[in-house]
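Please open the model in your viewer and keep the sequence beside it. This tour moves from one selection to the next and says what is found at each stop.

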Amino acid sequence: MYLLSQTPSIADHYLSELRNIQVQQDRMRFRRNIERIGSILAYEISKSLSYKTEKVETPLGTAPSRKLLKPVVLSTVLRAGLPMHQGFLSVFDQADNAFIGAYRGHNLMDDEFEVEMDYITSPDLTGKTLILMDPMLATGKSMEKAYHALLRFGMPAQTHIAAVLASTDGVQYLQERIPQCRLWLGAIDEGLNEQYYIVPGLGDAGDLSFGEK
Ligand SMILES: O=P(O)(O)OC[C@H]1O[C@H](OP(=O)(O)OP(=O)(O)O)[C@H](O)[C@@H]1O
Ligand SMILES: O=c1cc[nH]c(=O)[nH]1
Ligand SMILES: [Mg+2]
(Lines give C-alpha, C1' and ligand atoms only; values in the text may rest on other atoms or scores of the structure.)
(Ligands and ions follow the chains in the order given, each with its own letter.)
Protein backbone atom coordinates (compact mmCIF):
# COMPACT_ATOMS: atom_id res chain seq x y z
CA MET A 1 0.00 0.00 0.00
CA TYR A 2 1.24 3.49 -0.85
CA LEU A 3 0.29 6.37 1.47
CA LEU A 4 0.87 9.89 0.12
CA SER A 5 0.53 11.58 3.54
CA GLN A 6 3.43 9.56 4.91
CA THR A 7 5.79 12.13 3.39
CA PRO A 8 4.90 15.80 4.02
CA SER A 9 4.21 17.55 0.71
CA ILE A 10 1.97 20.13 -0.96
CA ALA A 11 -0.64 17.35 -1.16
CA ASP A 12 -1.19 17.84 2.60
CA HIS A 13 -2.11 21.46 1.88
CA TYR A 14 -4.66 20.38 -0.74
CA LEU A 15 -6.12 17.79 1.64
CA SER A 16 -6.34 20.37 4.44
CA GLU A 17 -8.41 22.61 2.12
CA LEU A 18 -10.62 19.65 1.16
CA ARG A 19 -11.40 18.98 4.82
CA ASN A 20 -11.95 22.60 5.84
CA ILE A 21 -15.68 23.30 6.25
CA GLN A 22 -15.23 26.93 5.13
CA VAL A 23 -12.87 26.42 2.20
CA GLN A 24 -14.96 23.51 0.87
CA GLN A 25 -17.88 25.88 0.25
CA ASP A 26 -15.92 26.94 -2.84
CA ARG A 27 -17.02 24.07 -5.07
CA MET A 28 -14.55 24.83 -7.82
CA ARG A 29 -11.61 24.78 -5.40
CA PHE A 30 -12.92 21.52 -3.90
CA ARG A 31 -13.07 19.83 -7.30
CA ARG A 32 -9.69 21.23 -8.26
CA ASN A 33 -8.03 19.96 -5.08
CA ILE A 34 -9.43 16.45 -5.70
CA GLU A 35 -8.12 16.74 -9.25
CA ARG A 36 -4.67 17.85 -8.05
CA ILE A 37 -4.33 14.97 -5.59
CA GLY A 38 -5.50 12.66 -8.39
CA SER A 39 -2.64 13.87 -10.60
CA ILE A 40 -0.11 13.36 -7.82
CA LEU A 41 -1.34 9.82 -7.15
CA ALA A 42 -1.25 9.13 -10.90
CA TYR A 43 2.38 10.23 -11.01
CA GLU A 44 3.23 8.00 -8.04
CA ILE A 45 1.52 5.03 -9.71
CA SER A 46 3.44 5.77 -12.91
CA LYS A 47 6.69 5.04 -11.07
CA SER A 48 5.55 1.44 -10.51
CA LEU A 49 4.63 0.72 -14.15
CA SER A 50 6.77 -1.00 -16.78
CA TYR A 51 8.33 0.87 -19.67
CA LYS A 52 9.88 -0.12 -22.97
CA THR A 53 12.98 1.68 -24.18
CA GLU A 54 13.11 3.12 -27.63
CA LYS A 55 14.88 5.80 -29.56
CA VAL A 56 13.23 9.12 -30.28
CA GLU A 57 14.24 11.37 -33.09
CA THR A 58 14.94 14.95 -32.05
CA PRO A 59 15.74 17.84 -34.44
CA LEU A 60 19.41 17.29 -33.56
CA GLY A 61 19.79 13.51 -33.34
CA THR A 62 18.35 10.52 -31.55
CA ALA A 63 17.83 10.11 -27.80
CA PRO A 64 17.03 7.04 -25.73
CA SER A 65 13.54 7.23 -24.23
CA ARG A 66 10.96 5.27 -22.28
CA LYS A 67 7.36 4.60 -23.26
CA LEU A 68 4.65 2.87 -21.25
CA LEU A 69 4.69 -0.86 -21.97
CA LYS A 70 1.00 -1.61 -21.42
CA PRO A 71 -2.09 0.45 -22.20
CA VAL A 72 -3.69 2.10 -19.18
CA VAL A 73 -7.45 2.11 -18.54
CA LEU A 74 -8.75 4.69 -16.08
CA SER A 75 -11.93 3.67 -14.35
CA THR A 76 -14.04 5.86 -12.13
CA VAL A 77 -17.00 5.53 -9.82
CA LEU A 78 -19.57 8.26 -10.44
CA ARG A 79 -20.27 10.94 -9.33
CA ALA A 80 -17.55 11.93 -6.90
CA GLY A 81 -14.86 10.26 -9.00
CA LEU A 82 -15.15 12.68 -11.91
CA PRO A 83 -12.69 15.40 -10.74
CA MET A 84 -10.20 12.73 -9.68
CA HIS A 85 -10.57 11.11 -13.08
CA GLN A 86 -9.68 14.42 -14.74
CA GLY A 87 -6.52 14.62 -12.61
CA PHE A 88 -5.50 11.10 -13.65
CA LEU A 89 -6.31 11.78 -17.29
CA SER A 90 -4.01 14.80 -17.37
CA VAL A 91 -1.16 12.42 -16.44
CA PHE A 92 -2.19 9.33 -18.45
CA ASP A 93 -3.46 11.41 -21.35
CA GLN A 94 -3.66 8.51 -23.83
CA ALA A 95 -5.62 6.21 -21.51
CA ASP A 96 -8.90 4.55 -22.40
CA ASN A 97 -11.66 5.09 -19.89
CA ALA A 98 -14.32 3.17 -18.00
CA PHE A 99 -17.19 4.56 -15.90
CA ILE A 100 -19.36 2.98 -13.27
CA GLY A 101 -22.58 4.48 -11.95
CA ALA A 102 -22.80 3.43 -8.29
CA TYR A 103 -24.51 4.78 -5.24
CA ARG A 104 -25.31 3.70 -1.71
CA GLY A 105 -28.88 2.38 -1.69
CA HIS A 106 -30.30 2.40 1.82
CA ASN A 107 -32.20 -0.50 3.25
CA LEU A 108 -35.13 1.03 5.16
CA MET A 109 -35.18 -1.85 7.64
CA ASP A 110 -31.85 -0.94 9.18
CA ASP A 111 -28.85 1.34 8.82
CA GLU A 112 -27.08 -1.02 6.46
CA PHE A 113 -26.71 -0.14 2.80
CA GLU A 114 -26.06 -2.00 -0.38
CA VAL A 115 -24.18 -0.47 -3.24
CA GLU A 116 -26.46 -0.14 -6.27
CA MET A 117 -24.89 -0.17 -9.72
CA ASP A 118 -26.91 0.95 -12.69
CA TYR A 119 -24.39 1.85 -15.39
CA ILE A 120 -21.06 0.48 -16.50
CA THR A 121 -19.04 0.98 -19.62
CA SER A 122 -15.49 -0.14 -20.28
CA PRO A 123 -13.10 -1.04 -23.07
CA ASP A 124 -11.58 -4.54 -23.16
CA LEU A 125 -9.37 -4.82 -20.06
CA THR A 126 -7.49 -7.99 -21.02
CA GLY A 127 -3.78 -7.65 -20.26
CA LYS A 128 -4.02 -3.93 -19.56
CA THR A 129 -3.13 -1.80 -16.55
CA LEU A 130 -6.38 -0.95 -14.80
CA ILE A 131 -6.51 2.02 -12.43
CA LEU A 132 -9.77 2.19 -10.49
CA MET A 133 -10.42 5.36 -8.52
CA ASP A 134 -12.90 6.97 -6.18
CA PRO A 135 -11.95 9.85 -3.85
CA MET A 136 -13.65 8.25 -0.84
CA LEU A 137 -12.97 4.71 0.33
CA ALA A 138 -15.32 4.36 3.32
CA THR A 139 -16.55 0.78 3.83
CA GLY A 140 -14.86 -0.31 0.60
CA LYS A 141 -18.09 -1.86 -0.75
CA SER A 142 -18.34 0.47 -3.79
CA MET A 143 -14.76 -0.16 -4.83
CA GLU A 144 -14.97 -3.94 -4.43
CA LYS A 145 -18.25 -4.14 -6.34
CA ALA A 146 -16.91 -1.88 -9.10
CA TYR A 147 -13.77 -4.00 -9.46
CA HIS A 148 -15.67 -7.27 -9.78
CA ALA A 149 -18.16 -5.73 -12.22
CA LEU A 150 -15.27 -4.53 -14.40
CA LEU A 151 -13.81 -8.03 -14.68
CA ARG A 152 -16.55 -8.97 -17.10
CA PHE A 153 -14.64 -6.77 -19.59
CA GLY A 154 -11.53 -8.97 -19.31
CA MET A 155 -8.76 -9.73 -16.82
CA PRO A 156 -6.32 -6.83 -16.45
CA ALA A 157 -2.59 -7.57 -16.14
CA GLN A 158 -2.60 -5.53 -12.94
CA THR A 159 -5.03 -3.35 -11.03
CA HIS A 160 -4.29 -0.25 -8.98
CA ILE A 161 -6.93 1.25 -6.71
CA ALA A 162 -6.63 4.94 -5.80
CA ALA A 163 -8.49 7.05 -3.24
CA VAL A 164 -7.93 10.52 -1.82
CA LEU A 165 -9.19 9.57 1.63
CA ALA A 166 -9.73 6.10 3.09
CA SER A 167 -10.94 4.65 6.37
CA THR A 168 -9.01 2.00 8.24
CA ASP A 169 -11.99 -0.37 7.85
CA GLY A 170 -12.22 0.26 4.10
CA VAL A 171 -8.54 -0.51 3.62
CA GLN A 172 -8.86 -3.73 5.58
CA TYR A 173 -12.01 -4.70 3.64
CA LEU A 174 -10.22 -4.40 0.29
CA GLN A 175 -7.00 -6.01 1.48
CA GLU A 176 -9.00 -9.07 2.57
CA ARG A 177 -11.23 -9.33 -0.50
CA ILE A 178 -9.05 -8.18 -3.38
CA PRO A 179 -5.43 -8.49 -2.20
CA GLN A 180 -4.30 -8.68 -5.82
CA CYS A 181 -5.09 -4.95 -6.25
CA ARG A 182 -2.48 -2.45 -5.09
CA LEU A 183 -3.77 0.47 -3.00
CA TRP A 184 -2.68 4.09 -3.51
CA LEU A 185 -4.11 6.42 -0.88
CA GLY A 186 -3.88 10.12 -0.06
CA ALA A 187 -4.55 9.67 3.66
CA ILE A 188 -6.25 7.27 6.07
CA ASP A 189 -8.68 8.26 8.85
CA GLU A 190 -9.54 6.02 11.77
CA GLY A 191 -13.30 6.39 12.00
CA LEU A 192 -16.58 5.61 10.26
CA ASN A 193 -19.83 7.02 11.70
CA GLU A 194 -23.30 5.39 11.84
CA GLN A 195 -23.96 6.46 8.24
CA TYR A 196 -20.62 4.97 7.21
CA TYR A 197 -19.05 8.36 6.55
CA ILE A 198 -15.34 8.75 7.16
CA VAL A 199 -14.56 10.60 10.42
CA PRO A 200 -13.13 13.20 10.59
CA GLY A 201 -13.11 12.86 6.78
CA LEU A 202 -14.38 15.73 4.71
CA GLY A 203 -18.11 15.11 4.28
CA ASP A 204 -19.84 13.97 1.11
CA ALA A 205 -17.39 14.36 -1.76
CA GLY A 206 -20.10 13.97 -4.42
CA ASP A 207 -22.31 16.65 -2.89
CA LEU A 208 -19.37 19.00 -2.29
CA SER A 209 -18.30 18.64 -5.92
CA PHE A 210 -21.69 18.76 -7.62
CA GLY A 211 -24.40 19.74 -5.12
CA GLU A 212 -26.78 17.76 -2.97
CA LYS A 213 -28.69 14.86 -4.52
O1 LIG B 1 -16.64 2.84 0.46
P2 LIG B 1 -18.13 3.01 0.42
O3 LIG B 1 -18.73 2.80 1.77
O4 LIG B 1 -18.77 2.19 -0.62
O5 LIG B 1 -18.43 4.52 0.13
C6 LIG B 1 -17.76 5.26 -0.81
C7 LIG B 1 -18.67 5.70 -1.91
O8 LIG B 1 -19.65 6.58 -1.39
C9 LIG B 1 -19.63 7.78 -2.13
O10 LIG B 1 -20.53 7.76 -3.16
P11 LIG B 1 -22.04 8.24 -2.98
O12 LIG B 1 -22.93 7.06 -2.77
O13 LIG B 1 -22.12 9.31 -1.96
O14 LIG B 1 -22.37 8.78 -4.41
P15 LIG B 1 -21.97 10.17 -5.11
O16 LIG B 1 -20.57 10.04 -5.62
O17 LIG B 1 -22.94 10.28 -6.19
O18 LIG B 1 -22.10 11.26 -4.08
C19 LIG B 1 -18.21 7.87 -2.60
O20 LIG B 1 -18.02 8.71 -3.69
C21 LIG B 1 -17.90 6.44 -2.94
O22 LIG B 1 -18.33 6.09 -4.23
O1 LIG C 1 -17.16 9.98 4.11
C2 LIG C 1 -17.70 9.66 3.04
C3 LIG C 1 -18.15 8.37 2.77
C4 LIG C 1 -18.70 8.09 1.57
N5 LIG C 1 -18.82 9.06 0.66
C6 LIG C 1 -18.38 10.31 0.91
O7 LIG C 1 -18.48 11.18 0.04
N8 LIG C 1 -17.85 10.59 2.09
MG1 LIG D 1 -21.98 11.12 -2.22
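Begin with the shell around ligand 1, to which β5 (96-106), β8 (136-137), α4 (141-150) and α6 (205-210) each supply at least two residues; these labels follow DSSP runs, with helices being H or I runs of at least four residues and strands E runs of at least two, numbered from the N terminus. What you are looking at is a predicted model, in which local features need pLDDT of at least 70 and side-chain atom pairs count only at pLDDT 80 or more, while totals for chains, interfaces and linings use all residues. Residues are numbered from 1 along each chain as its sequence is written, and chains are lettered from A and ligands numbered from 1 in the order in which they are written.

Colour the chain by pLDDT, the predictor's confidence in each residue, from 0 to 100: the chain averages 96, and 98% of the residues score at least 70.

Now return to ligand 1 and select Ala 80, Ala 138, Thr 139, Ser 142 and Gly 206, which come nearest of the 21 residues around this ligand; a residue is near a molecule if its C-beta atom, placed from the backbone, lies within 6 Å of it.

Move on to ligand 2, whose surrounding residues include Ala 80, Ala 138, Tyr 197, Asp 204 and Gly 206.

Next, select strand β7 (residues 129-133), where five of the five residues are buried, so the strand is largely enclosed by the rest of the structure; buried means that 20 or more other C-beta atoms lie within 10 Å of a residue's own, exposed means 12 or fewer, and partly exposed is in between, with C-beta atoms placed from the backbone. Thr 129, Ile 131 and Met 133 point one way from β7, whereas Leu 130 and Leu 132 point the other way. In a regular strand the side chains alternate between the two faces of the sheet.

Add strand β4 (residues 72-78), which runs parallel to β7 and is joined to it by five bridges, and then strand β9 (residues 158-167), which also pairs with β7 in the parallel sense over five bridges; strands pair if DSSP finds at least two bridges between them. Met 133 is a good residue to centre on, since it is the bridge partner of Thr 76 and has Ala 162 as its bridge partner in β9.Finish with the peptide bond from Leu 78 to Arg 79, which is cis, with omega near -5°, and with the bond from Val 199 to Pro 200, which is also cis, with omega near 0°.
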